[in-house]
Amino acid sequence: MAAFVIVEADIFDSAVYDEYKKLTPATVAAHGGKFILRGNPVEALEGEWKHDRLVMLEFPDKKSAKDWYYSKEYQEAKEIRSKGSTAKFLLIEQ
């Protein structure tokens with residue numbers, strides 16, 4: 001059953017975040033994942049949107065998503081990301 005990771009990010013150093021964006025695609029692909037959407041702007045049709053970036057990833061299943069998130073390679077990218085942004089990661093199984 002497919003699983004999705006939704007990320008809400010707030011960027012305070014775009015140069016650092018750009019480095020993170022270069023590292024992440026290979027880590028996602030290595031675990032069978034793909035980007036469904038990434039970017040901005042987000043238009044709130046109801047309620048408020050107060051983040052800089054929205055990303056959605058699709059993985060074959062919840063285990064693959066977790067394996068990606070906790071992988072050594074992604075943890076290295078995550079460390080870089082944390083120097084340029086804050087984020088909320090949500091895991092949803094279809």
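Three exercises with worked solutions follow, all of them on a predicted model.

**Exercise 1.** Work out in which order the four strands of the sheet lie, and which strands stand at its edges.

*Solution.* The order across the open sheet is S2-S3-S1-S4, with antiparallel pairing. Strand S2 (34–39) and strand S4 (85–93) each have a single partner strand, so one side of each is left without a neighbour in the sheet, and these two strands are the edges. On average, and with direction ignored, neighbouring strands of this sheet are turned by 15° against each other.

**Exercise 2.** Find how many bridges join S1 to S4, and which helix lies across both of these strands.

*Solution.* Strand S1, which spans residues 3–11, runs antiparallel to S4 and is joined to it by nine bridges; Val7, for example, has Phe89 in S4 as its bridge partner. Helix H2 (residues 62–70) lies across S1 and S4, and also across strand S3 (53–59), while its direction makes an angle of about 160° with S4.

**Exercise 3.** Determine where the buried residues of H3 lie around its axis, and what surrounds Arg81.

*Solution.* Begin with the buried residues of H3, which are Tyr74, Ala77 and Arg81. These residues cover an arc of only 60° around the axis, which means that they are on the same side of H3. Helix H1 (14–29), H2 and S4 are among the elements that cover them. Turn next to Arg81, which is buried but has no salt bridge, since the nearest side chain of opposite charge, that of Asp10, is 10 Å away, whereas a salt bridge requires the charged atoms to be within 4 Å. Leaving aside residues up to four places away in sequence, Arg81 touches Tyr17, Tyr20, Tyr74, Ala87 and Phe89.

How values were computed:
Residues are numbered from 1 along each chain as its sequence is written. This is a predicted model: local features need pLDDT of at least 70, side-chain atom pairs count only at pLDDT 80 or more; totals for chains, interfaces and linings use all residues. Side-chain values use heavy atoms; hydrogens and water are left out. Two strands pair if DSSP finds at least two bridges between them. Axes are lines fitted to C-alpha atoms, for helices over the stretch in contact, and angles run from 0 to 180 degrees between N-to-C directions. Contact means heavy atoms within 4.5 Å. Buried means under 20% relative accessible area, exposed over 50%, partly exposed in between (1.4 Å probe, protein chains only). Lys and Arg count as positive and Asp and Glu as negative; His and the chain ends are not counted. The arc is that of the directions from the helix axis to the C-beta atoms.
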